[in-house]
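Here's a quick walk through a protein model for someone meeting it for the first time. Have a look at the sequence and the fold, and then we'll go through some of the details.

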Amino acid sequence: MTDAVALTGCLTKMAVEPGSPARYTLRAGDERLDLNARLGQPLRLTWTGAIACTHCGRATKKSFGQGHCYPCFKKLARCDSCIMKPEQCHYFQGTCREPEWGETHCFRPHVVYLANASGLKVGITRETQVPTRWLDQGAVQALPILEVDSRQQSGFVEVLFKDEVSDRTNWRTMLKGEAVELDLPGERDRLLERLAPGLLALRERFGHDAIRELDGAPWAFEYPVLEHPTKVVSHNFDKRPEVAGTLLGIKGQYLILDSGVINLRKFTGYEVTVEA
Ligand SMILES: [Zn+2]
């Protein structure tokens with residue numbers, strides 16, 4: 001057995017590094033817990049009832065947009081709807097909530113990728129988020145296919161792909177480990193051919209170099225999971241502040257316990273005591 005520990009702090013998303021399997025670190029305030037070392041052992045998380053905004057630190061009764069107080073949720077560009085729907089970027093109308101933040105985060109190269117967490121899906125991410133983004137989704141495979149100059153352009157490309165491929169992960173399927181292995185390079189070739197007219201139209205609009213095909217190798221990911229759940233029951237601190245069980249695995253931003261699963265990212269900002 002590893003030494004018993006108890007720590008308290010506000011949750012932020014788990015840190016994850018690729019590997020065989022991926023390595024997860026739970027983060028609560030300044031405290032850290034190596035979760036891989038706790039596999040097969042008892043783990044208890046207890047919400048103290050407090051939530052602190054991850055941006056300004058003020059106490060909030062409810063969490064908005066994964067860990068923000070209401071004023072920050074209404075004020076920050078990262079909480080605006082154009083983050084989820086980048087094709088609706090309104091920077092050029094002069095209405096970006098934080099133009100400087102937009103310039104450093106949105107006007108940067110973005111990658112359009114195919115991934116497989118619960119089946120084929122398309123997604124976009126900032127280049128600096130590779131490969132973390134895929135690990136956070138619990139993807140077992142990923143393949144970057146196109147590179148563009150801005151978040152908005154990646155949104156236009158994604159919209160095109162959505163006619164052919166889902167942009168969602170079925171988290172229950174992901175947690176059950178039921179994703180079937182896919183030929184991502186084959187899917188890429190098929191989709192690029194099928195969507196060629198739409199891509200051409202976007203290149204005519206943004207410049208022929210604006211949307212670049214990538215020819216990298218596919219990524220594959222392994223997760224520290226002793227046992228996948230056959231029936232997925234989820235814990236929710238808002239309904240029951242204590243979550244306890246034997247840690248059977250970690251995948252995406254979920255802890256898999258023998259008593260149910262919990263999406264820690266959903267509870268960003270929640271102050272918890274972790275006993276392991
Ligand atoms: Zn705030």
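How many residues sit between E1 and E2 in the hairpin they form? There are 5 residues between the two strands of that hairpin. Before going further, keep in mind that this is a predicted model.

**Strands that pair up**

Let's stay with E1, which covers residues 6–17. Its pairing with E2 (residues 23–28) is antiparallel and runs over 5 bridges. Within that pairing, Ala15 has Thr25 of E2 as its bridge partner. The loop between E1 and E2 holds Pro21, and the peptide bond joining Ser20 and Pro21 is cis, with omega at about 0°.

E1 also pairs with E13 (residues 270–275), again antiparallel, through 5 bridges. There, Leu7 faces Val274 of E13. E13 has a further antiparallel pairing over 5 bridges, with E4, where Trp47 stands opposite Val272. And E4 (residues 42–51) is joined to E10 (residues 242–251) by 5 bridges in the antiparallel sense, with Leu43 opposite Gly245 in E10. Here are these pairings side by side:

| Strands | Direction | Bridges | Facing residues |
|---|---|---|---|
| E1 and E2 | antiparallel | 5 bridges | Ala15 and Thr25 |
| E1 and E13 | antiparallel | 5 bridges | Leu7 and Val274 |
| E4 and E10 | antiparallel | 5 bridges | Leu43 and Gly245 |
| E4 and E13 | antiparallel | 5 bridges | Trp47 and Val272 |

**Two domains and a core**

Now step back to the whole chain. It is divided into domain 1 (6–69 + 223–275) and domain 2 (109–220). Taken over C-alpha atoms, the centres of the two domains are 28 Å apart. Where they touch, domain 1 supplies 15 residues and domain 2 supplies 11 residues. On the domain 1 side of that contact, 10 residues are nonpolar, 4 are polar and 1 is charged.

Which residues touch the most other members of the largest nonpolar core? In this core of 64 residues, they are Val112, Tyr113, Val157, Leu255 and Ile256. Domain 1 and domain 2 both contribute residues to the core, so it lies between them. As a general point, nonpolar side chains in soluble globular proteins tend to be buried together.

Take Val112 as an example. Leaving out its neighbours within four places in sequence, its contacts include Val122, Ile124, Ile145, Leu146 and Val148. Val112 is also in contact with Ser154, Val157 and Glu158, and those three are among the buried residues of helix H5.

**Two helices, two settings**

Is H5 largely enclosed or largely in the open? Of its 12 residues, 10 are buried, so the rest of the structure largely encloses this helix. Among the buried ones are Arg151, Phe156, Leu160 and Phe161. They pack against a mix of elements, including strands E5 (110–116), E6 (120–126) and E7 (141–148), as well as helices H7 (184–194) and H8 (196–206). The length of H5 works out too: at 1.5 Å a residue, residues 151–162 should span 16 Å, and the end C-alpha atoms are indeed 16 Å apart.

H8 tells another story. The number of buried residues among its 11 is 0, so H8 lies largely in the open. Just after H8 comes Gly207, with a positive phi of about 110°.

**A few oddities in the loops**

Most residues other than glycine have a negative phi, and most peptide bonds are trans. Gln66 has a positive phi of about 55° although it isn't a glycine. It lies in the loop between E4 and helix H1 (70–75), and it counts as partly exposed because it has 16 C-beta neighbours inside 10 Å.

Besides the bond at Pro21, a cis peptide bond joins Val130 and Pro131, with omega at about 0°. Pro131 is in the loop between E6 and helix H4 (132–137).

Finally, where is Gln88? Gln88 is in the loop between helix H2 (81–84) and helix H3 (99–105). It has 12 C-beta neighbours inside 10 Å, so it counts as exposed. Not counting residues up to four places away in sequence, Gln88 touches Ser81 and Cys82. The C-alpha atoms of Gln88 and Arg27 are 33 Å apart, and the two residues are 61 residues apart along the chain.

Definitions and conventions: Residues numbered from 1 in each chain as written. Predicted model: local features only at pLDDT ≥ 70, side-chain atom pairs only at ≥ 80, totals over all residues. Domains from an automatic or database assignment. Contact = placed C-beta atoms within 7 Å. Nonpolar A, V, L, I, M, F, W, Y, C, P; charged D, E, K, R; others polar. Helix = DSSP H or I, 4+ residues; strand = E, 2+ residues; numbered from the N terminus. Expected span 1.5 Å × (residues − 1). Buried ≥ 20, exposed ≤ 12 C-beta atoms within 10 Å, placed from the backbone. Pairing = 2+ DSSP bridges. Core = buried A, V, L, I, M, F, W, Y, C linked by C-beta atoms within 7 Å.
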